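Visitor: Please walk me through this one, with the cut-offs spelled out. I like to know what each term means before I trust it.

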Amino acid sequence: MSEKKGFHVAVVGATGAVGQQMLQTLENRDFPISKLTLLSSARSAGKTVSFKGEEYTLQEAKPDSFQGVDIALFSAGGGVSKELAPAAVEHGAIVVDNTSAFRMDENVPLVVPEVNEQDLLNHKGIIANPNCSTIQMVVALQPLKEKYGLKKVIVSTYQAVSGSGAAAVEELTQQTQAILNNEPFTPEILPVKGDEKHYQIAFNAIPQIDKFTENGFTFEEMKMINETKKIMHNEDLKVAATCVRLPVATGHSESVYVELDSESATVADIQALLDKAPGVVLQDQPQEQIYPMPADCVGSNDVFVGRIRQDLDVPAGFHMWVVSDNLLKGAAWNSVQIAESLIKLGLVK
């Protein structure tokens, strides 16, 4: 552990949904902060935000905003990260970036502390926080990888609208009210803000998250595929993903099929592994209708796993249901957890 009693922490994007969760998480964890700098767009600069009962004035995020900063938590969009993260590093800060800007950069570790904390030892100033849907899946898969090895992963996601921001949550609320009141409405945000077409999300399921690539997969699906291989240090791992947006405010759910290298595992073995795995809560008593649901995971830092069952045709194949709060473990908590790991490993000076 570092000998410092507190660190100068900057939060970039402090007014956003994830930025607000970062501040709440820092407060809940009683993170050792000697000085807090809150940064935002020019539009939000001058506003005040409360932290531990004190009011902090938001400052516009600029390249020179990071003088004396030890740890900078970024969640203000990829463009902001690409522009300002290198400047923060030049000023001596370690950046934990919650955007996709640096995730696949071979010189930037992509970290989920329960899975690959030691990758932090190789950082060069910037550490990437993975995609929210990737994080919860690899936390559930890591114990299986360590014990049995992994050959194939097929995941279908059921993702909350908060993954698209606060405006998408508001759109879900407004559409729901309009439909219940038999009133007209015009979708404006989902599936992708700025795209040509927008669809109803209330009482619907949209099989598109992010834009489509030339191979027919969306960028969200390709993030899950590529990030999983990088985090688990296995480029030969076969991964496929289908990502769907559901009318749920917060909490991503995933149906995960995994094929192990070994045929020796049983459902009971996997349950026992996950029951003691860090960051995992096992909820798997189907006969009593006990299984994870997003409504129950909101506000928790953990990843919940249930519905574990062996495939009927493939002896080494298993299915599971994985749920987590996408704003916490999928974003804010994983970022703060990385910062805690940096301190634990003595990497913050």
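Guide: Gladly: two strands pair if DSSP finds at least two bridges between them, and helices (H or I, at least four residues) and strands (E, at least two) are DSSP runs numbered from the N terminus. This is a predicted model in which local features need pLDDT of at least 70 and side-chain atom pairs count only at pLDDT 80 or more, while totals for chains, interfaces and linings use all residues. Residues are numbered from 1 along each chain as its sequence is written, and side-chain values use heavy atoms, leaving out hydrogens and water.

Visitor: How many bridges pair strand β9 with β11?

Guide: Strand β9 spans residues 150-159 and runs antiparallel to β11. One example of the register is T157, which stands opposite E254 in β11. The number of bridges between β9 and β11 is eight.

Visitor: Which residue in β14 is the bridge partner of S255?

Guide: Strand β11 (residues 252-260) also pairs with β14 (residues 317-324), in the antiparallel sense and over eight bridges. Along this pair, S253 stands opposite V323. For S255, the bridge partner in β14 is W321.

Visitor: Which strands stand at the edges of this sheet, each with a single partner strand?

Guide: The open sheet has six strands with mixed pairing, in the order β10-β9-β11-β14-β13-β12. A strand with a single partner has one side left without a neighbour in the sheet, and that is so for β10 (238-245) and β12 (280-282).

Visitor: How many of the nine residues of β11 are buried?

Guide: Buried means under 20% relative accessible area, exposed over 50% and partly exposed in between (1.4 Å probe, protein chains only). Helix α7 (residues 267-275) lies across β11, along with β12, β13 and β14. Strand β11 is largely enclosed by the rest of the structure, because its count of buried residues is eight.

Visitor: Which strands of the parallel sheet does helix α2 touch?

Guide: This second open sheet also has six strands, in the order β5-β2-β1-β6-β7-β8. Its edges are β5 (59-60) and β8 (126-128), so one side of each has no neighbour in the sheet. Within it, β6 (residues 71-74) and β7 (residues 94-97) are joined by four bridges, with I71 partnered by I94. Helix α2 (residues 78-90) packs on this sheet, touching β1, β6, β7 and β8.

Visitor: Which helix gives the most residues to the largest nonpolar core?

Guide: A nonpolar core is a set of buried Ala, Val, Leu, Ile, Met, Phe, Trp, Tyr and Cys residues joined through side-chain atoms within 4.5 Å. The largest has 56 residues, and F66, F74, V258, L260, V305 and M320 have the most contacts inside it. With eight residues, the helix that gives the most is α4.

Visitor: What is the separation of the C-alpha atoms of F203 and L172?

Guide: F203 sits in the loop between α5 and α6, and it is exposed at 55% relative accessible area. Beyond its neighbours within four places in sequence, F203 is in contact (heavy atoms within 4.5 Å) with T176, I179, L180 and P247. Although F203 and L172 are 31 residues apart along the chain, their C-alpha atoms are separated by 9.2 Å.

Visitor: Is D30, in its salt bridge with K52, buried or exposed?

Guide: A salt bridge puts a side-chain nitrogen of Lys or Arg within 4 Å of a carboxyl oxygen of Asp or Glu, and D30 meets K52 at 2.7 Å, N to O. The two lie in separate loops, 22 residues apart. K52 is partly exposed at 41% relative accessibility, while D30, at 54%, is exposed.

Visitor: How many residues apart are E227 and R103?

Guide: Their side chains form a salt bridge of 3.4 Å, N to O. E227 belongs to helix α6 and R103 to the loop between β7 and α3, so the pair links distant parts of the chain. E227 is buried at 2% relative accessible area, and R103 is buried at 6%. The separation along the chain is 124 residues.

Visitor: Which helix holds K329, the partner of E114?

Guide: E114 and K329 meet in a salt bridge of 2.8 Å, N to O. Both residues are buried. They are 215 residues apart, with E114 in helix α3 and K329 in helix α9.

Conventions. Axes are lines fitted to C-alpha atoms, for helices over the stretch in contact, and angles run from 0 to 180 degrees between N-to-C directions.
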